[in-house]
Structures are given as C-alpha cells and as structure tokens.
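Biologist: I'm new to this one, so walk me through it slowly. Whenever you use a technical word, I'll ask you what stands behind it.

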Amino acid sequence: MYLPTSAQSLIGLLTKSIYPALVVFVVALASLIVLLFLGAEDVDPEEPPVVRPSIPFFGHMIGLLRHHNNYFTLLRERYAGPIYTVKLFSSRIYIIQSPELAQAAFRQSKTIDFETIKAYASCKAVAFGQHATDIVNFQPPKGEGSYMSDLHQEMYGSLAQGPNLLETNARVLNYLARSLNAIQTTPEEYRLFRWLRDEYTLASAATLYGLPNPLSEDPSLIESVWDFEKDLGVLVLDFFPRIMAPKGYAARTVVTPAFEKYYDAGLDKNANHLVQRRAWAARQWGLTTKEISQAEITIIMAAGTNTVPNVFYMICHIFSQPDLVTALRQEISKITSRKTRDGIETVTLNISMLQSHCPLLTACFNETLRLNKTGASVRTILEDVMLDDRYLLKKGAFVQIPTGVLQSDLDVWGPDAKLFNPQRFLTQDSLRKDVKKAQNQAYMPFGGGKNLCPGRHLAFTEITAFVAMLVLGFELSLSDGAKLQVPKGEFQRLGVASISPDKDLDVSIKRREEFEGVTWEFDTIRE
Ligand code: HEM
C-alpha cells in the first residue's frame, strides 16, 4: 500500500515511541490473562500442586469437553501424585488420586460437601420452578430440619437392611423371576442389553410404584428414562435444554404428567415404603403433586441406570469364561432346593445365603463393579479446610474423586488391573497389609461417606440373584455361534454413572435340559 512520506514518518515516529509502551501493554495483558485463566498466583503453597494443561489457558476445558470422564485418566498418566489442582478459569478443582485421601474426603463431609451440588443439580435436572427450588435450597437454622435432610433420612431408612428392604427385594425378585420363567428350552434370541434394560426398568417401576404405574401402562417411557440419564449432564447445565438436550428434555415432558395422573388416581397406595416416605417428606415441606411427579424420573433413573450396565457386564464376563460358568454352577446349586408342590416342580434360590455361601459369585459382582467404574464423586468446599491435615482446600472449590482412576490404578491393583479377575477379591487376605488397605480404600463403586449409595444392598441382591439363576438354569451364547467377547464400554460422558456397552449383543438363551419345565423362584422375605 502506498502512503505519503509524511504519513510514513508519522507512523515511524508513533511506532518508535509507542513500541516500548506496546510491549509493556502486551506483556501486562498476557500476564493478566494468565492470571485470570490459570490463576496460579492465588494458589497457596499448602494447596495441592497445580497441573497445567498442555495447551495454555483453555487446555483443561478442551480436554474435559473432548474426553469427559476419561480426561482424568489422561491426567493420571501425566501426574501420579496423590492430589492435584486443575485451574479452570477462575475456579479450581482438586482431583484426588490417592485412595487414602479419597476416604479422608468422604469422612470430612461437613466441609467437603455433596448436598449443595445435589440440591442444585436436582432442581435443574427436573426443571423445578422457584417454589420447589426454594424448598429444596432452604438452609435451616442449626439444629432444625429441612426437606433435604428429611428426604435423605427417609431414603436411607427405606433402603437400609431391615423389613422394608426385604419387602423391596421380594417385590423386585418376583418380577425378575417372571422374566426368567418366560424362557423355554428352545433357544430364544435377545438383544441382551435392551432385554435387561426393559426387564429391570419395568421390575423397578413395579417394585417402587406398584401396579399399575406409569411405565407398566406405557412401556415407551422406559426409553424416556434412559434418554433422561444420557442427557442429565446437559440438563443440569440448563443452557437451552430444549435444543442442547432434546431427548432428555422431551423425556421430562412425558414422564411428569404420567406420574401426576398416577398420584391423582391415588395409585401411590400401592407404592413401596421408599416412594411413600419420599412423597410424605415432600408434602410435609409443601411440595405439590406436580412437583413430586417432576422428581420421580430421577428415582427410576437411580434405580435402573446403574444396575443394568453392571448386570450386563457381569453376565458377559461370566459367560465368556466357560470354566467360570462351571465353577459358579457348583457354588450356586448349593443354595437352591428343588421340590414339587401341587404338581409343579419348583427350584428355589435362597437369597439370604448369596453372600455367605457364594464367594465366587460375590467376587464376580465386586470385580464387575470395579471395572465398570462409575463416573466420579463430586463435592464442593464450604469452608477452607485441611484435607487429612495435609492439603489446604479452599472454600468455593470443587473436589473430584474419579472412581475409574482409583479402581484401575496399576499401583493399587497390580499389573492385571485392567482385566476381569474375580480371584483378586478371594485372595485379598494373602496381600501385604498396606496393599489390601489401599485396595479397600480405592474400591468405591457406590461412592462413600454420608452419601454412600443407599441402594447398594438392593443392587447387590437384584444383580447377583438374577445372575445366579441365569447361570445355573440357562445357557447363553452369541446368536451367530461365535465366542462371546465382552464388548467395550461406550464413551463415558460427564454426569453418566455406570458405563453401558458401545454396542448391544445378539444372544441366544435357552433353559438347561435338567431344568426343563421347572418354575424358578427366589426365597425372599425372611426376618
Ligand atoms: C450397581 C448399582 C448401583 C451403583 C453402582 C450405584 C452408585 C451410586 C453412586 C456412585 C452414588 C453417588 C455417591 C457419592 O457421590 O458419593 C449413588 C447415589 C445414590 N444411589 Fe446408587 N448405585 C446403584 C444402585 C442404586 C439403586 C438400586 C438405587 C435405588 C433406588 C440407588 C439409589 C441411589 C440414590 C437415591 C443416591 C443418592 C444418595 C444421596 O442422596 O446422597 N442406587 N449411587
């Protein structure tokens, strides 16, 4: 471009005089950006060390958006220390990689808190309006109750070991036994994950809400519950949910009115203790029927979307190893009895003996959950706190305990950490004391501390009892006759708990000949 000489000299003059100032300005701006985005300047020396992203400024954000939960596994490869800090713009997240520190964080639940996130996420997930949001977020004066504390108490009480849980176990297992009794000696084809998903979701709905319930009346709502779980993370962000999470959004809009109809018809009189007490707590604090109905999708989701992937993988791992099937059949046959009653031959599986008499089956359950690695426990820091008297965690920061990282850590589980080896849970007593302790602390499929999953006993029973019956009484193989290979897990999005397979399996299931014509049942309620 041509410029007159006077203009050129003016630019030259300005450049010369401006240049030093410009350099200072650029450096200052760059530093400001570094400080703003990395915020390294405000990291106290007592806080966990900062792990910087490989791409400056935005690297962690890009990593999280790209890899979701797997990003923590990638960071573990770069930094092996017990805990580190990730700076995301002005926020900080402490990532815990040491089993000991993870348990310490669970113990310090008063300051390393789940309730704040839970309340926020619950309101956003189900699109509560202001009225319900105020009730959920109500912070009582010290010593007084709140909706959330009553809800916590009722849910944990209903699912704790005792008569209410026995009743719930009995209900769910009766429904699941029906699914297995429907299978005949001639082979039938199933899409395994889809079959388990439908049977378990319907069984959970019938157990929780009685019959009829919205899902038994309209089984298309099964798909809605699973769509909701897949979109949960985006729904919680509440950023144009109709566009960003169309399936999850649509799921809410069909499931809520179905539950409103259920409550309006008084059908909740058939519900189990858990659902009745949840509704009781909600009404005590002024939630309306519509608001109670809005929240029900989260309970059906919690009951099914963790259980189904784990039962699927447990079945795949077992049936891909014929020797394991043989060993399990020997073990399980010891807790079954065969009788003829009123001309009907019945095989009964005694569920109260599952844990005590079936160590190999229990080990398969534990190993499945170890490998399936639920997402991560997330907490917020309410006050500056020293974690385990060692690391300063600052108020307002987040803590992530990435279950997958801890449950597959080679240092904790040994060189075969990525393989399915149920024996590891049977031989733990022969390990060095510190190794055994580290494994116990690193194993956290149900989270921990005050928020340890209340459904864990129910999950154990409904998964192991069903698998026990399937293994003992049935043959399962791939429809095309190929050897059963355990499918890879799908990409694990942030917010999704247990991992589903990346593709379904077409299997053929038939009764073993010696069980032709028998009726299967579980020996359930026992006090
Ligand atoms: C294999 C099956 C299951 C797995 C792996 C699992 C895992 C988990 C995990 C990791 C948490 C979060 C704990 C934390 O952040 O520390 C949780 C919470 C929860 N789970 Fe489960 N869960 C399973 C089955 C169930 C079942 C059958 C129910 C029954 C309704 C259930 C109900 C809940 C509820 C209500 C919470 C929230 C607890 C709270 O309010 O703090 N879960 N679960």
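Modeller: Let's start with the word "domain": domain bounds come from an automatic or database domain assignment. With those bounds, the C-alpha centres of domain 2 and domain 3 lie 28 Å apart. What we have here is a predicted model, where local features need pLDDT of at least 70, side-chain atom pairs count only at pLDDT 80 or more, and totals for chains, interfaces and linings use all residues. Residues are numbered from 1 along each chain as its sequence is written.

Biologist: Which stretches does the domain assignment of the protein chain give?

Modeller: Domain 1 is 1-36, domain 2 is 39-120 + 375-444, and domain 3 is 138-374 + 445-523.

Biologist: How many residues does the contact take from domain 2 and from domain 3?

Modeller: Two residues are in contact if their C-beta atoms, placed from the backbone, lie within 7 Å. The contact takes 24 residues from domain 2 and 25 from domain 3. On the domain 2 side, helix H4 (99-107), helix H5 (115-125), helix H21 (403-407) and helix H23 (423-426) each give two or more residues. Helices (H or I, at least four residues) and strands (E, at least two) are DSSP runs, numbered from the N terminus.

Biologist: Why does the ligand lie between domain 2 and domain 3?

Modeller: Because both domain 2 and domain 3 give residues to the shell around the ligand. A residue counts as near a molecule or strand if its C-beta atom, placed from the backbone, lies within 6 Å of it. The ligand is surrounded by 24 residues, and the closest are Asn-306, Gly-447, Asn-451, Cys-453 and Gly-455. Helices H7 (147-159), H16 (289-304), H17 (307-319) and H25 (456-473) are the elements giving two or more residues to that shell.

Biologist: How do the residues of that shell divide by class?

Modeller: The classes work like this: Ala, Val, Leu, Ile, Met, Phe, Trp, Tyr, Cys and Pro count as nonpolar, Asp, Glu, Lys and Arg as charged, and the others, Gly among them, as polar. The shell then comes out as 12 nonpolar, 11 polar and one charged.

Biologist: What makes H9 roughly perpendicular to H11?

Modeller: Axes are lines fitted to C-alpha atoms, for helices over the stretch in contact, and angles run from 0 to 180 degrees between N-to-C directions. Helix H9 (residues 192-209) and helix H11 (residues 220-230) pack at about 100 degrees, with axes 10 Å apart. That makes H9 roughly perpendicular to H11, since angles under 35 degrees count as roughly parallel, over 145 as roughly antiparallel, 65 to 115 as roughly perpendicular and the rest as oblique. Arg-197, Asp-198, Thr-201 and Leu-202 of H9 meet Ile-222, Val-225 and Trp-226 of H11. By class, those residues are four nonpolar, one polar and two charged.

Biologist: Where does H9 lie relative to S4 and S12?

Modeller: H9 lies across S4 and S12, running at about 80 degrees to S4. Those strands belong to an open sheet of three, in the order S4-S12-S11, with antiparallel pairing. Strands S4 (188-191) and S11 (474-478) are the edge strands, each pairing on one side only.

Biologist: How many bridges are there between S4 and S12?

Modeller: Two strands pair if DSSP finds at least two bridges between them. S4 and strand S12 (residues 506-511) have four bridges. One is easy to find: Tyr-190 has Val-507 of S12 as its bridge partner.

Biologist: Why is one side of S5 and of S13 left without a neighbour in the sheet?

Modeller: Strand S5 (336-341) and strand S13 (519-523) stand at the edges with a single partner strand each, so one side of each has no neighbour there. That open sheet has three strands in the order S5-S6-S13, with mixed pairing. S5 and strand S6 (residues 344-350) run antiparallel, joined by six bridges.
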